[in-house]
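Got a few minutes to look around a protein model? Keep the sequence and the 3D view side by side and follow along.

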Amino acid sequence: MWQLQKTMSALRYGLGLALLSILLTPAFADTVTHKIEALNLTAEADYVAGEPNKPAILILHGFLTTNKFQTIVSMVQGFKEEGYTVLAPTLTLGINARKQSVKCNSIHTHTLEDDITEIEAWIKWLESQGQTEIVVIGHSSGSQELLAMLNKGPQPSVKKAIFTSLFYLSGPELGARQAELDHAQQALDSNNLKPHKYSFLFCENNYYATPQSFLSYHRITRQFVLNELKNLTIPHYTIMGQADKRYQSTGTDWLDELKKTNTNLTIVEGANHFFSSEHEFDLQDILVNIVNKLTE
């Protein structure tokens, strides 16, 4: 199935991103809601019920996006065709039943800890559906958040983790400014919780966040990710695009550092951060092969 799709990819991509987005919209998935009691928020996810003898797949999107992001939709579709149960939540980011991406200049009160609480709640939701074996897959910052969640404490039902486009969120090479970090920490120490404009990743001077929100994500430094990978006790895999433009900031030695952890690293030649065009099928082939090993 996926080999045939790979041969059709050039034609499909030529139809344009807008048409491709329509074709990949997951009408095949149900929308489920889940009350996150600890946050008093309702979250939504796309859900596909699969074959009962196969593990469930939880797929987490990247920074400020939703489960409708193209890379996530492609993953959901691919696993659905393989007969897997799939759950793709949209993190609320403090917004009840969030459906849209959040802009840089929105008021950001959400924290990394809140995101982890939501991920844990969705794992429990899958367990309540009878799932005893779960594979978690993240894209971009979704990978980093899953990594932080897994190292927070044991999740016995999570048997395997796959991280795609795994980088980190904080470091001078990414534009993090010590003066802004100091400002946020001083505000937090003085109980001044008003939002302030910071620079964060692609949000240049317009990331409007509370100090708690801003500082929480800056926990995810280069060394944090490398240490957490080394400490992870379940089988885990990292899939990186060889042509990812993020290396312009991090350096390609990031791949060398990943290799030195105990993660199983795969580099997809020519693929960008989002595994666009024909590389979405390369990515799906790798993902399916990894997950299928769990059922052998």
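What follows is a short walk through the sheet, a pair of helices, the nonpolar cores and one serine.

Bear in mind that this is a predicted model.

**The sheet**

Let's start with the strands. There are 8 of them in an open sheet, with mixed pairing and the order 1-2-4-3-5-6-9-10. At the edges sit strand 1 (30–36) and strand 10 (264–268), each of which pairs on one side only. From one strand to the next, the twist averages 20 degrees.

Now zoom in on strand 5 (residues 134–139): strand 5 and strand 6 run parallel and are joined by 6 bridges. Across that pairing, V135 stands opposite K160 of strand 6. Helix 3 (residues 70–81) packs on the sheet, and its direction makes about 170 degrees with that of strand 3. Here are the strands that helix 3 touches, among them three listed with their residues:

| Strand touched by helix 3 | Residues |
|---|---|
| Strand 2 | 41–48 |
| Strand 3 | 56–60 |
| Strand 4 | 85–90 |

Helix 3 also touches strand 5 and strand 6.

**Two helices that cross**

How do helix 4 and helix 5 sit relative to each other? Their axes come within 10 Å and cross at roughly 75 degrees. Angles from 65 to 115 degrees count as roughly perpendicular, so helix 4 and helix 5 are roughly perpendicular to each other. On the helix 4 side, the residues that meet helix 5 are L112, D115, I116, I119, E120 and I123. Helix 5 brings E145, L146, A148, M149 and K152. Sorted by class, this contact has 7 nonpolar, no polar and 4 charged residues.

**The nonpolar cores**

In soluble globular proteins, nonpolar side chains tend to be buried together. In this model, the largest nonpolar core has 60 residues, and those touching the most other members are L58, L87, L150, F163, V225 and W254. Helix 4 (residues 112–128) gives the most to this core, with 8 residues. A second, separate core has 25 residues, including V48, V76, Y84 and V268.

Try clicking on L150. Setting aside its neighbours within four places in sequence, L150 is in contact with V136, V158, A161, F163, L232 and I234.

**A serine in a loop**

Last stop: S157, in the loop between helix 5 (141–152) and strand 6 (158–164). Is S157 buried or exposed? Its relative accessible area is 6%, and buried means under 20%, so S157 is buried. Beyond neighbours within four places in sequence, S157 is in contact with I123, E127, T132, E133 and I134.

Notes: Residues numbered from 1 in each chain as written. Predicted model: local features only at pLDDT ≥ 70, side-chain atom pairs only at ≥ 80, totals over all residues. Heavy atoms only, no water. Core = buried A, V, L, I, M, F, W, Y, C linked by side-chain atoms within 4.5 Å. Buried < 20%, exposed > 50% of the residue type's maximum accessible area, 1.4 Å probe, protein only. Helix = DSSP H or I, 4+ residues; strand = E, 2+ residues; numbered from the N terminus. Contact = heavy atoms within 4.5 Å. Axes fitted to C-alpha atoms, helices over the stretch in contact; angles between N-to-C directions. Parallel < 35°, antiparallel > 145°, perpendicular 65-115°, else oblique. Nonpolar A, V, L, I, M, F, W, Y, C, P; charged D, E, K, R; others polar. Pairing = 2+ DSSP bridges.
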